[in-house]
Amino acid sequence: GVSWLVNLKRRTARTPSKAQATWSLAYLEVAAKEARGILNQGQYEHVVRQFDELARHENPRLSSTLDLKAIEAFHELRDKGGILGRINLRVFYVAFDEKNMICVLGCYKKEDDGQVPSYIKTRIRNRLRLARSMLGLEKG
């Protein structure tokens, strides 16, 4: 079965003592499973810290410090180099304004210079529908 895919987990953003998180964080368990299949523990924690930072943004779709890009109704956080080494990582997420929540939908290791493959976009679109349904949100 694929029952593990439908679990939506919430977590509290870890922030410096004076900084307050503006957005709550959530993720589909399958997204964490994908990330752990690509990243070691230190790399995984690096990505988690990037989402902690994103949760402090007024608008999690725009950042002067993180590489973000809109794709359809969701966004991708793009990162490579540094602690990630040769990994060119894409983490797909959505900001649900109605819930003041950032939800991570999936993770992908980019292997070439082209656009994100259509099968990945379809997978993320389906997960977005799933997350909306689990949160009781209408498609908007």
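The exercises below, each with a worked solution, walk through a predicted model of one protein chain.

**Exercise 1. The overall fold**

Work out how many helices and strands the chain has, and in which pattern they follow one another.

*Solution.* Begin by counting the elements: the secondary structure comes to three helices and six strands. Next, read along the sequence, where the elements follow the pattern β-β-α-α-β-β-β-β-α. Finally, turn to burial, for which the chain of 140 residues has 43% of its residues buried.

**Exercise 2. The largest pocket**

Describe the largest pocket by its volume, its lining residues and the elements that supply them.

*Solution.* Start with the volume, since the largest pocket holds about 250 Å³ of space. Its lining consists of 15 residues, and those closest to the centre of the pocket are Y27, Y44, V48, F51 and V104. Then trace the lining back to the secondary structure: the elements that contribute two or more residues are β2 (24-28), α1 (29-38), α2 (41-54) and β6 (101-109). As a last step, sort the lining by chemical class, which gives 13 nonpolar residues, no polar ones and two charged ones.

**Exercise 3. Aromatic pairs**

Find the aromatic pairs of the structure, and state for each one the geometry and the elements that it links.

*Solution.* The structure holds two aromatic pairs. In one of them, F51 and Y93 meet edge-to-face, with 5.6 Å from centre to centre and 85 degrees between the planes. This pair links distant parts of the chain, because F51 belongs to helix α2 and Y93 to strand β5 (residues 88-96), 42 residues apart. Both F51 and Y93 are buried.

In the other pair, F74 and F92 are likewise edge-to-face, at 6.0 Å from centre to centre and with 85 degrees between the planes. Here too distant parts of the chain are linked, F74 lying in strand β4 (residues 74-80) and F92 in strand β5, 18 residues apart. To settle burial, compare each value with the cut-off of under 20% relative accessible area: F74 counts as buried because its relative accessibility is 1%, and F92 is buried with a relative accessible area of 1%.

**Exercise 4. A charge over a ring**

Identify the ring over which the charged end of R36 sits.

*Solution.* The charged end of R36 is placed over the ring of Y44, at 3.7 Å from the centre of that ring. Y44 has already appeared in the second exercise, as one of the residues closest to the centre of the largest pocket.

**Exercise 5. Cysteines and disulfides**

Decide how many disulfides the structure contains, and whether C103 and C107 are buried or exposed.

*Solution.* A search of the whole structure finds zero disulfides. For the two cysteines, apply the cut-off of under 20% once more: C103 counts as buried because its relative accessibility is 0%, and C107, with a relative accessible area of 9%, is buried as well.

**Exercise 6. Positive phi angles**

Locate E72 and N100, and explain what is notable about the phi angle of each.

*Solution.* As background, most residues other than glycine have a negative phi. E72 is not a glycine, yet it has a positive phi of about 55 degrees, and its place is in the loop between β3 (67-71) and β4. N100, which is not a glycine either, also has a positive phi of about 55 degrees, and it lies in the loop between β5 and β6. Lastly, consider accessibility: E72 counts as partly exposed because its value is 48%, and N100 counts as partly exposed at 34%.

Key. Residues numbered from 1 in each chain as written. Predicted model: local features only at pLDDT ≥ 70, side-chain atom pairs only at ≥ 80, totals over all residues. Heavy atoms only, no water. Disulfide = S-S within 2.5 Å. Buried < 20%, exposed > 50% of the residue type's maximum accessible area, 1.4 Å probe, protein only. 1 Å grid on protein atoms, 1.4 Å probe; cavity = no way out; pocket = protein on both sides within 12 Å on 5 of 7 lines; lining within 4 Å. Points joined across faces, edges and corners; volume = space filled by probe spheres on them. Helix = DSSP H or I, 4+ residues; strand = E, 2+ residues; numbered from the N terminus. Nonpolar A, V, L, I, M, F, W, Y, C, P; charged D, E, K, R; others polar. Phe/Tyr/Trp six-rings, centres within 6.5 Å; stacked < 30°, edge-to-face > 60°. Lys NZ or Arg CZ within 6 Å of the ring centre and 35° of its normal.
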